[in-house]
Every structure is written in structure tokens, then in C-alpha cells.
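Colleague: Could you take me through the cysteines in this one, slowly and closely? Then please carry on to whatever else is worth a look.

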Amino acid sequence: MEQIKTLEQFQQVKNQENVVFLFSADWCPDCRVIEPFLPELEQTYDEYQFYYVNRDDFIELCQELDIFGIPSFLFYSNGEERSRFVSKDRKTKEEIERFLTEAKQA
């Protein structure tokens, strides 16, 4: 999963088709729980481009996007937010799969 390094890169990437942003942080225990199965999800949902956004590097962006809990996911297509899975709760593989499946239909 490629990591977003700059705000400009985030703005460019969100204008592509079928982009999923994972907002996370190195210190987040719930984020570590989902790490082992993220490569499998990327493979299964290969119609999406996945990007990692380190919440600590983009605090203002997270505030602007109302992301106050991690891990959280945003789905963009052609610059428009189509779906979100944002909460402070731990997420299961099944919940993330449901989000990705439903995002296709958004």
C-alpha cells in the first residue's frame, strides 16, 4: 500500500477512479490488528487503489474530513467522496470487506 506523503499528492490521488484511503497511525493498536489481512484485501479488491494516510502527518486534513477515529477508510472516485467507514472502533476483516463491497455500488 502506497503511503501519501504530501497534501498535494492526496489531492491528486483522490481525483483518480476508485481510491481507498486508510487513515491510520503507527501507535494505534486497532490499526495493527488489521495490518495482517490488508494485503489480502488489496488483492481481492484489485479494482481499488489503496493508499495509507498517516493521521499524525495530516492532522488538519483529518479534521477537515471529520476523521476523529482510526483506523478509518474513505472511498473516492473522480474527486468525490463516495463512501466512508469512519469510527474509533476496532474494525474486523468482515466489516472492511462489507465497506469495500458496498463502496462499489455507491
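Modeller: By the distance rule for cysteine sulfurs, the count comes to one disulfide. The rule asks for a pair of cysteine sulfur atoms within 2.5 Å. Keep in mind that this is a predicted model.

Which cysteines does the disulfide join? The partners are Cys28 and Cys31, with 2.4 Å from S to S. That value fits the rule, because the cut-off is within 2.5 Å. Next, look along the S-S bond. The angle about the bond is 80° in the link of Cys28 and Cys31, and the link is right-handed.

Are the two partners buried or exposed? Buried means under 20% relative accessible area. Cys28 has 4% relative accessibility, so Cys28 counts as buried. Cys31 has 1%, so Cys31 is buried as well.

Cys62 is another matter: it is in no disulfide. The nearest cysteine sulfur belongs to Cys31, and it is 11 Å away. A pair must be within 2.5 Å to count, so Cys62 and Cys31 do not make a disulfide. Cys62 is still buried, because its relative accessible area is 3%.

Now to the rings. How many aromatic pairs does the structure hold? The number is twelve. Start with Phe10 and Tyr76. Their ring centres are 6.2 Å apart and their planes stand at 85°, so this pair is edge-to-face. Planes over 60 degrees apart get that name. The pair links distant parts of the chain. Phe10 is in helix H1, while Tyr76 is in strand E4, residues 72-77. The two are 66 residues apart. Phe10 and Tyr76 are both buried.

Then take Phe73 and Phe85. This aromatic pair is stacked, with 6.4 Å from centre to centre and 20° between the planes. The cut-off for stacked is under 30 degrees. Phe73 lies in strand E4 and Phe85 in strand E5, residues 80-85, so the pair ties together parts that are twelve residues apart in sequence. Phe73 is buried, and Phe85 is buried too.

Phe85 has another partner to point out. Lys91 lies over the face of its ring, at 5.2 Å from the ring centre.

Go back to Phe10 and Tyr76. They belong to one aromatic cluster with Phe21, Phe23 and Tyr51.

Stay in helix H1 for a moment. Gln9 has its place there, and the helix covers residues 7-13. Gln9 is buried because its relative accessibility is 16%, and the limit is under 20%. What does its side chain meet? A polar contact of 3.1 Å joins the side chains of Gln9 and Glu2. Set aside the neighbours within four places in sequence, and Gln9 is in contact with Glu2, Gln3 and Ile4.

Move on to the loop between helix H4, residues 59-64, and E4. Asp66 is found in this loop. Is Asp66 buried or partly exposed? At 49% relative accessibility, Asp66 counts as partly exposed. Its phi is near 60°, a positive value in a residue other than glycine. Leave out the neighbours within four places in sequence, and Asp66 is in contact with Arg84 and Val86. Asp66 can also be placed against Phe23, a member of the aromatic cluster. From C-alpha to C-alpha, Asp66 and Phe23 are 11 Å apart in space, and they are 43 residues apart in sequence.

Pro71 is found in the loop between H4 and E4 too. Ile70 and Pro71 are joined by a cis peptide bond, with omega about 0°.

Last stop: the loop between E4 and E5, where Asn78 lies. Asn78 is not a glycine, yet it has a positive phi of about 55°. Asn78 counts as partly exposed, because its relative accessibility is 47%.

To return to your cysteines: Cys28 and Cys31 are joined by a disulfide, whereas Cys62 is in none.

Notes:
Residues are numbered from 1 along each chain as its sequence is written. This is a predicted model: local features need pLDDT of at least 70, side-chain atom pairs count only at pLDDT 80 or more; totals for chains, interfaces and linings use all residues. Side-chain values use heavy atoms; hydrogens and water are left out. Helices (H or I, at least four residues) and strands (E, at least two) are DSSP runs, numbered from the N terminus. Buried means under 20% relative accessible area, exposed over 50%, partly exposed in between (1.4 Å probe, protein chains only). A polar contact is a pair of N or O atoms within 3.5 Å; within protein, one must be able to donate a hydrogen and the other to accept it, and residues adjacent in sequence count only if both atoms are side-chain atoms. Contact means heavy atoms within 4.5 Å. Rings of Phe, Tyr and Trp (its six-membered ring) pair if their centres lie within 6.5 Å; planes under 30 degrees apart count as stacked, over 60 as edge-to-face and the rest as tilted. A charge sits over a ring if NZ of Lys or CZ of Arg is within 6 Å of the ring centre and within 35 degrees of the ring normal.
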